[in-house]
Amino acid sequence: MAIGIFGGAFNPLHTEHMQIARQALDEGLDKIVFVPSNLPPHKTCDVSFDARADMLERALADEPRMEMCPIEGASEGTHYTYRTLPLLIRLYGDVEFIIGGDSMIDLHRWKYPEKIVGMCPIRVFSRADRNAELEQAVRDWTARGARIRVSQYRSDDISSTRIRYGLSLGVTDGVHPSVLPYIQEHGLYREYVPMARLLRETVSEQTYAHACRTALYALYLNERCKLGEDSERVFVAGLLHDCAKQWSATPQAADVVPADAVGTPVAHQFAGAYLAQTRWGIEDARILQAIRVHCSADTQMTTLDRIVYCADKLEPARAYDGVQTLRRTVQQDFDRGFCDVLMHAYDYLSSKGADAYPMTRRAVERYCGI
C-alpha cells in the first residue's frame, strides 16, 4: 500500500490542501496521512497544535482514505522532517513524501535535506505555471539520487496566510467547510477584528470594502512575487491605507496635510498616516510610510510601499482598461510591473488634463526615466 505523507502547519486546513490530497489519490496513492507540525522551524503558529489537529480530524471525518497522524504533538521542541519522517516510515511502511513546489525550491534550506530525499520518494505538487526555479531544483536533487515525481494541479491561489487575515475581515473564501464552524466556535483568527471594526466605523462602506480587498491583494502580491515582506506589515498597511479617505476633507485634517496637498486627491495619504498612528496606535514607521505614499508614490519607495501602491491600484474590483495586463505584469516581474502601474496612473492624470502631485512627478522621473 502506497501512502502519501502530507505535512504542514495546516493553520488552517483549506480547500487546496484537500485538492492536492484527492489528486494524489487519483494518481495512485492508496491513503493520505496528514501530519500537522507542532513547532516547525521555519514559521510560528499562533494556533495550538491541538486546535489544528482538531480541525484536521473534523475535515477528514468523512474521508475514508485520509487520516491525521498527531505524531509531532507527542513531544516538545522544534521538529525537523529528517527526524519525523523515519518514524512515519516505521509506522506506515511504503510512503511518499508530499510537498509543494515552493518547498521543493527551498529544500536546500531545510535541515539535512540530503537525508530526507534518501528516505523515500518525493511527490511535488506544483501549480500549473511551474517555473524554472522548480525545474532546476528537481534536476539538482535528482542528480543527487532523489526520486522525485512532479504533479501539476490547477491552483486557486489559496493560502493559509491570506485565510487567517481574511477571517478577521469576515472573508471565509478557501476555508474548508467542516473547519469553519470550529474556527467560529473557538474564536480563532480574530486578532485584527478590532482594527477592522474601527475602520468600518471611520470610513464609508465603499472605502471599507476597497480597503479589505487591497489588504488581501497586497498579501497575495507579497506571496506570489516572493517579495519576503512581513505579512502583518503588508496586511495592516493595506487595510489602513485609506483610513482618512473621508476625514481628510475636514478642517482638522488641514493641520497634518502639507499645504500643497490640502484639498487634493492625495491629501488622504498624509492624513491617513496621522490617523493610523493616533487612532489605531500604529507605531511602525514602515507601515506609516507605506500609507503616506500609497497614492502619490515617491522617489525612495521600499518594497512594502510598492506592494501597497500596486495593491491599491490593482485590487480585484478595479476594472479600468488595461488593469488585467498590469496585474499580469506585476505578477511576472514586480519591479517592471510597479513602473507600469505608476506610469499608467501618471498617464491617466495627463489624459484628464490634471497636474500630477510633485511627489508623483518625481517618482515617475526616478522609476520610469521620464
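# A guided look at a predicted model

Visitor: Is R123 buried or exposed?
Guide: Since this is a predicted model, everything we discuss is computed from its atoms. The relative accessible area of R123 is 3%. The cut-off for burial is under 20%, so R123 counts as buried.

Visitor: Which residue does R123 meet in a salt bridge?
Guide: The two side chains come together at 3.2 Å, N to O, and the cut-off for a salt bridge is 4 Å. The partner of R123 is partly exposed, with a relative accessible area of 25%. That partner is E27.

Visitor: How many residues apart in sequence are the parts that E27 and R123 tie together?
Guide: Let's start from the salt bridge between the side chains of E27 and R123. E27 sits in the loop between α1 (15–26) and β2 (31–36), while R123 belongs to strand β5 (residues 122–127), so the pair ties together parts of the chain whose separation in sequence is 96 residues.

Visitor: Which helices does the salt bridge between E185 and R58 link?
Guide: The side chains of E185 and R58 meet at 3.7 Å, N to O. These are distant parts of the chain, 127 residues apart. E185 is in helix α8 (residues 180–186) and R58 in helix α2 (residues 49–60), which gives the answer: α8 and α2.

Visitor: Is E185 exposed or buried?
Guide: E185 has a relative accessibility of 56%. Exposed means over 50%, whereas its partner R58, at 36%, counts as partly exposed. E185 therefore counts as exposed.

Visitor: Where does D284, the salt-bridge partner of R233, lie?
Guide: The side chains of R233 and D284 meet at 2.7 Å, N to O. R233 is in helix α11 (residues 231–240), and the two residues are 51 apart in sequence, so the bridge ties together separate parts of the chain. D284 counts as partly exposed, at 24% relative accessibility. Its place is the loop between α12 (267–278) and α13 (285–292).

Visitor: Which element gives the most residues to the largest nonpolar core?
Guide: That core has 67 residues, and L199, F235, L239, L240 and I282 touch the most other members. The top contributor among the elements gives 10 residues. It is helix α10 (residues 205–224).

Visitor: Which residues does L239 touch, leaving out those up to four places away in sequence?
Guide: L239 is among the residues that touch the most other members of the largest nonpolar core. As background, nonpolar side chains tend to be buried together in soluble globular proteins. With sequence neighbours up to four places away left out, L239 touches L169, M195, A196, L199, A211, C212 and A215.

Visitor: Which element gives the most to the lining of the second largest pocket?
Guide: This pocket has a volume of about 880 Å³. Its lining has 32 residues, and P265, C295, D312, K313 and R318 lie nearest the centre. The elements that give two or more residues to the lining are α10, α12, α14 (303–314) and α16 (334–351). With six residues, the one that gives the most is α16.

Visitor: How many residues in the lining of the second largest pocket are charged?
Guide: It helps to divide the lining into classes. There are 14 nonpolar and 10 polar residues. The charged residues number eight.

Visitor: What is the distance between the C-alpha atoms of C225 and D333?
Guide: C225 lies in the loop between α10 and α11 and, at 16% relative accessibility, counts as buried. Neighbours within four places in sequence aside, C225 is in contact with V330, Q331 and F334. C225 and D333 are 108 residues apart along the chain, yet the separation of their C-alpha atoms is 7.7 Å.

Visitor: Is the peptide bond from N11 to P12 cis or trans?
Guide: P12 lies in the loop between β1 (3–8) and α1. Most peptide bonds are trans. From N11 to P12, however, omega is near 0°, and the bond is cis.

Visitor: What is phi of A297?
Guide: A297 is found in the loop between α13 and α14, and at 0% relative accessibility it counts as buried. Most residues other than glycine have a negative phi. A297 is not a glycine, yet its phi is positive, at about 70°.

Conventions: Residues numbered from 1 in each chain as written. Predicted model: local features only at pLDDT ≥ 70, side-chain atom pairs only at ≥ 80, totals over all residues. Heavy atoms only, no water. Helix = DSSP H or I, 4+ residues; strand = E, 2+ residues; numbered from the N terminus. Buried < 20%, exposed > 50% of the residue type's maximum accessible area, 1.4 Å probe, protein only. Core = buried A, V, L, I, M, F, W, Y, C linked by side-chain atoms within 4.5 Å. Contact = heavy atoms within 4.5 Å. 1 Å grid on protein atoms, 1.4 Å probe; cavity = no way out; pocket = protein on both sides within 12 Å on 5 of 7 lines; lining within 4 Å. Points joined across faces, edges and corners; volume = space filled by probe spheres on them. Nonpolar A, V, L, I, M, F, W, Y, C, P; charged D, E, K, R; others polar.
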